[in-house]
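The exercises below are meant to be worked through with the sequence and the model side by side. Please try each task before reading its solution.

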Amino acid sequence: MSLSARTDVAGTVARLSWVDRLKVVTIAGVVVVHVATAYVVDIGWYYEERTTSQVTPVLLGVPAFLAGVFGLAPLFLVGGWMAAGSLARRGAGAFARARLLRLGVPTVLYFLLVDPFADYLGGRVQGEPRTLVDYLTDLGGDRDLGPVWFITVLLVLSLAYAAWRRAWPARPRTGRLTARTIATTALVVAAADVVMWLRWSYFSDTLWNLNWQHWPQAAGVFAVGALARERGWLDTVPRRLGRGSGLVAVACLVVFTAFAAYGFATEDEALVRGLHPFALTFAVVDGLGALTLAVWAWWWFRERWSGPQGPVLAGASRGAYAAYLLHPVVLVALSGAVHPLPWAPEAKFVLVSVVGVPAVFAVGWLVTRVPGVSRVL
């Protein structure tokens, strides 16, 4: 039986150890990147104690930037794949209601409570005189969705997918994902990127940190994941396609890094806006890099990490969603705890990363043990 049929036949989703590992590793990477923004990378965070070194930000800034642009692509692929399975089991109406509960409620709670609380903790450590009430009641200023922009996009894409399948039900099809499909999707993403970037520059801030610039990429990867579940595209990924996707992804990341570095150095936003070669190439690499990275990660984790999972992985996977939602608070608390240490920011970055990764998953798991919370998280 195909993977899709095997997980749908009983009306429930079987735990897939390689998916759990992919999810945990990706979220752990998000945690480390956000610790880096506190200490060594010049990107806004709830707590900042930046290094004065000129070398460290360059060495760590590049992987942090690439992780921010492409790192969530595997989760969007898995998200689309799981959404298709859930929609097939529940129907469009029940699926939409479940998504609003599982994705919509945490998004609102993050915006109203978690974001201001993390801001308050960070400000408290750094001598900010404002009270927690001040932060909770201030809906402007620095209020945003932080890393939860990913969940917001996933909610919008899920609801759009439910509406699409209600109007045009999926027809039974089988097949395999091909390089041609990946390339075609990348071109569609690139075209949407070009249109989106005419309104929101790739390098500019957006309202509430919604990151409109990345929505076409997310939509393309999500769509491939959903169609893959419906048509069995990813039930078997040939080694040639898996390894080839990895090589293409590396090439795209190199080109994207070079283009982005030039854009930041020149501070010319027009470089990624319009129909000139630089902007078009940047858009193609954005879509193709995300798609090939997601396919490679799917293939690699499924090939190498499909063995039984122990209690630690099971607990981390169970608490991964809550860990993602709450990790800013945990990290800021840890940064506050090590704030008095007379260490270089680089050393604190290492310490908070090493302690922070298991800490956020432990907190996430504990939160899911609260009665009623498991329905949402």
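**Exercise 1. Decide whether Phe 301 is buried or exposed, and then describe its ring pair with Trp 300.**

Solution. Phe 301 has a relative accessibility of 8%, so it counts as buried, where buried means under 20% relative accessible area, exposed means over 50%, and partly exposed lies in between, with a 1.4 Å probe and protein chains only. The model is a predicted one, in which local features need pLDDT of at least 70 and side-chain atom pairs count only at pLDDT 80 or more, while totals for chains, interfaces and linings use all residues. Residues are numbered from 1 along each chain as its sequence is written, and side-chain values use heavy atoms, with hydrogens and water left out.

The next step is the wider set of rings: the structure holds 24 aromatic pairs, a pair being two rings of Phe, Tyr or Trp (its six-membered ring) with centres within 6.5 Å, called stacked if the planes are under 30 degrees apart, edge-to-face if over 60 and tilted for the rest. In one of these pairs, the rings of Trp 18 and Trp 298 have their centres 4.7 Å apart and their planes at 75°, so the pair is edge-to-face. Trp 18 belongs to helix H2 (residues 17-39) and Trp 298 to helix H11 (residues 277-304), so this pair ties together parts that are 280 residues apart in sequence; helices here are DSSP runs (H or I, at least four residues), numbered from the N terminus. The rings of Trp 300 and Phe 301 have their centres 5.4 Å apart with planes at 80°, so that pair is edge-to-face as well. Trp 300, with a relative accessible area of 23%, is partly exposed, whereas both Trp 18 and Trp 298 are buried.

**Exercise 2. Find out which residues are linked into a cluster by ring pairs, and which ring Arg 130 lies over.**

Solution. The cluster linked by ring pairs consists of Phe 65, Phe 70, Trp 197, Phe 256, Phe 259, Tyr 262, Phe 278 and Phe 282. Turning to charges, Arg 130 lies over the face of Tyr 135, at 4.1 Å from the ring centre, and Arg 199 lies over the face of Trp 200, at 4.7 Å from the ring centre; the test is that NZ of Lys or CZ of Arg is within 6 Å of the ring centre and within 35 degrees of the ring normal.

**Exercise 3. Check the span of helix H9 (residues 215-231), and describe the residue that follows H9.**

Solution. The expected span is 1.5 Å times one less than the number of residues. For the 17 residues of H9 this should give 24 Å, and the end C-alpha atoms are 24 Å apart, which agrees. As for its cover, 15 of the 17 residues of H9 are buried. After H9 comes Gly 232, whose phi is positive, near 70°.

**Exercise 4. Examine phi at Trp 208 and Asn 209, and state where these residues lie.**

Solution. Most residues other than glycine have a negative phi. Trp 208 nevertheless has a positive phi of about 55°, and Asn 209 has a positive phi near 60°. Trp 208 is placed in the loop between helix H8 (179-199) and H9, and Asn 209 is also found in the loop between H8 and H9. Trp 208 is partly exposed, at a relative accessible area of 37%, and Asn 209, at 26% relative accessibility, counts as partly exposed too.

Technical notes:
Helices (H or I, at least four residues) and strands (E, at least two) are DSSP runs, numbered from the N terminus.
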